[in-house]
Every structure is written in structure tokens, then in C-alpha cells.
Amino acid sequence: MSSEEITMKTPAVTPDSGEIVRRFMDDVFVHKDPEAVDNYFADEVEFIAVVPHSPELTAIVPWYGTRYTRALVKEVYARLLANLELLAFYPEVAFGSGENAAMFGRFRFLSKITGKVVESDWAIRATVHDGRITYFHFYEDGYTIASTFRRGGTWDIETPRAPAGP
């Protein structure tokens with residue numbers, strides 16, 4: 001028998017969906033890799049930053065909302081990093097089950113516009129198909145992030161009333 005006949009191939013190990021999302025977040029925020037979105041996202045994706053559609057909130061934080069292409073997702077991260085300086089990034093847990101992934105953590109940002117520093121918890125729900133992210137919903141404290149761009153003024157808010165008692 002020749003050595004070629006008994007050579008065994010070790011199958012390639014594909015990272016699970018949670019590991020793919022963790023690697024993306026590490027590459028985009030820690031390594032500031034400009035190719036991170038290209039490396040991890042499918043061409044067509046449903047990407048939601050905080051809320052699917054809120055004209056009032058996206059007027060304050062223009063990268064919030066829904067995007068459907070990898071090119072538009074790249075714009076989200078370009079805008080975010082142009083306006084906020086990441087001071088600390090604390091990924092706490094990432095896990096996957098089949099194509100589904102979730103990740104949780106905290107970060108601290110400095111607004112390059114107002115100089116305010118904020119901290120927020122964050123969470124991600126994602127779907128990974130054939131090694132590429134096809135769905136990505138990023139949750140954070142939208143009020144806190146929006147407040148980093150507020151210089152002053154008042155908000156006219158009417159608080160809902162409690163229902164009348166019995």
C-alpha cells in the first residue's frame with residue numbers, strides 16, 4: 001500500500017453562527033477592519049439597527065433603521081465610526097444554534113460632535129447561512145445614543161395617564 005492510499009483528510013471545521021457574529025463584531029469594532037462587512041455579510045441582507053423604521057429617531061441617529069444590501073450596511077458602520085469614538089467594547093456572550101446566533105455585551109462611546117460619553121448594553125439577533133450573515137438585528141439603548149447628539153433644549157412630552165380606578 002502506498003502512503004497516498006492511507007492518507008486521511010481532516011474535514012474543515014466551519015465556525016458556528018455565534019462564532020461568525022462574534023468574529024464580525026471583533027473585526028469591525030476592535031480591529032476597525034474596513035473589510036469586515038464584506039468578509040461576513042451576504043450580498044443581500046436584512047440589517048436592522050435598533051428599529052426597523054422610525055423617521056423621528058433616524059433624523060437624530062441616521063444609521064438607525066433597516067438596510068437590505070451589504071453596501072448599505074458598510075455605510076452604517078462608516079457613519080457610526082465617523083461620529084462616535086469607541087472607548088470600550090465588552091462582548092459578554094455569543095452563541096449559535098444552527099443558523100441562528102445571538103450576542104450580548106456593553107460598549108462606551110464618545111460623541112465626536114458633542115464630546116459626551118455614553119455607555120449602553122447591546123444585543124444582536126442574527127441568521128447565518130452558508131457562512132454569511134443574512135439577517136442582523138442590532139439592539140442598543142437608542143435613547144442614550146441619541147442623547148449624545150443633543151446640545152440642549154427641551155422635549156415636549158406628554159406622559160400617558162393611569163387608568164381610572166374601580
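# Reading pockets, cores and contacts

Me: How do the residues lining the largest pocket divide into nonpolar, polar and charged?
Reply: A lining can be read by sorting its residues by chemical character, and in this predicted model the lining of the largest pocket holds five nonpolar residues, two polar and one charged. The residues in question are Ser54, Glu56, Leu57, Ile60, Gly142, Tyr143, Ala146 and Trp155, and the space in this pocket comes to about 160 Å³.

Me: Which helices each supply at least two residues of that lining?
Reply: Once the lining residues are known, one can ask which elements they belong to; here helix α4, which spans 55-60, and helix α6 each supply at least two of them.

Me: How many cavities of 30 Å³ or more does a search of the whole structure find, and how much space lies in the largest cavity?
Reply: A cavity is read in the same order as a pocket, beginning with the search and going on to the volume and the lining. The search of the whole structure finds one cavity of 30 Å³ or more, and the largest cavity holds about 80 Å³ of space. Its lining is made by Phe29, Phe47, Ala49, Val50, Trp63, Tyr64, Val76, Tyr77, Leu80, Phe138 and Glu140, of which ten are nonpolar, none is polar and one is charged.

Me: Which element gives the most to the lining of the largest cavity?
Reply: Strand β1 (41-49), helix α5 (70-83) and strand β6 (132-140) each supply at least two of the lining residues, and α5 gives the most, with three residues.

Me: Which residues of the largest nonpolar core touch the most other members?
Reply: A core can be read by looking for its best-connected members, and in this core of 40 residues those are Phe24, Met25, Phe41 and Phe136. Helix α2, residues 17-30, contributes the largest share of the core, namely six residues. Setting aside residues up to four places away in sequence, Phe136 touches a list of residues that includes Val21, Phe24, Met25, Phe41, Ile48 and Tyr77, and that also takes in Glu46 and Arg125.

Me: Why does Val118 count as buried?
Reply: Burial is read from relative accessible area, and under 20% is the cut-off for buried. Val118 therefore counts as buried, because its relative accessibility is 9%. This residue lies in strand β5, residues 117-129, and, leaving aside neighbours within four places in sequence, Val118 is in contact with Phe107, Arg108, Phe109, Thr144, Ile145, Ser147 and Thr148.

Me: How far apart are the C-alpha atoms of Val118 and Thr144?
Reply: A pair such as this one is read by setting the separation along the chain beside the separation in space: Val118 and Thr144 are 26 residues apart along the chain, while their C-alpha atoms are separated by 6.8 Å. The C-alpha atoms of Thr144 and Glu119, which are 25 residues apart along the chain, are separated by 7.7 Å.

Me: Is Thr144 buried or exposed, and which side chain does its own side chain join in a polar contact?
Reply: Thr144, in helix α6, counts as buried at 16% relative accessibility, and its side chain is joined to that of Asp141 by a polar contact of 2.5 Å. The backbone of Thr144 can be read separately from its side chain, since the backbone oxygen lies 2.6 Å from a polar atom of the Ser147 side chain. Ser147 is also found in helix α6, residues 142-147, and it touches Lys116 and Val118 when residues up to four places away in sequence are not counted.

Me: Where is Thr148 found, and is it buried or exposed?
Reply: Thr148 is in the segment after α6 and counts as buried, at 0% relative accessibility. Beyond its neighbours within four places in sequence, Thr148 is in contact with Leu84, Ser111, Thr114, Lys116 and Val118.

Me: What is the phi of Lys32, and what is the phi of Asp130?
Reply: Most residues other than glycine have a negative phi. Lys32, although not a glycine, has a positive phi of about 50 degrees, and this residue lies in the loop between α2 and α3 (36-40). Asp130, not a glycine either, has a positive phi of about 50 degrees; Asp130 lies in the loop between β5 and β6.

Me: Why is Asp130 called exposed?
Reply: The cut-off for exposed is over 50%, and Asp130 is called exposed because its relative accessible area is 72%.

Note on methods. Residues are numbered from 1 along each chain as its sequence is written. This is a predicted model: local features need pLDDT of at least 70, side-chain atom pairs count only at pLDDT 80 or more; totals for chains, interfaces and linings use all residues. Side-chain values use heavy atoms; hydrogens and water are left out. On a 1 Å grid over the protein atoms alone, a cavity is a set of points where a 1.4 Å probe fits but cannot get out, and a pocket is an open set with protein on both sides within 12 Å along at least five of seven lines; lining residues have an atom within 4 Å of a point. Grid points are joined across faces, edges and corners, and a volume is the space filled by probe spheres set on the points. Helices (H or I, at least four residues) and strands (E, at least two) are DSSP runs, numbered from the N terminus. Ala, Val, Leu, Ile, Met, Phe, Trp, Tyr, Cys and Pro count as nonpolar, Asp, Glu, Lys and Arg as charged, and the others, Gly among them, as polar. A polar contact is a pair of N or O atoms within 3.5 Å; within protein, one must be able to donate a hydrogen and the other to accept it, and residues adjacent in sequence count only if both atoms are side-chain atoms. Contact means heavy atoms within 4.5 Å. A nonpolar core is a set of buried Ala, Val, Leu, Ile, Met, Phe, Trp, Tyr and Cys residues joined through side-chain atoms within 4.5 Å. Buried means under 20% relative accessible area, exposed over 50%, partly exposed in between (1.4 Å probe, protein chains only).
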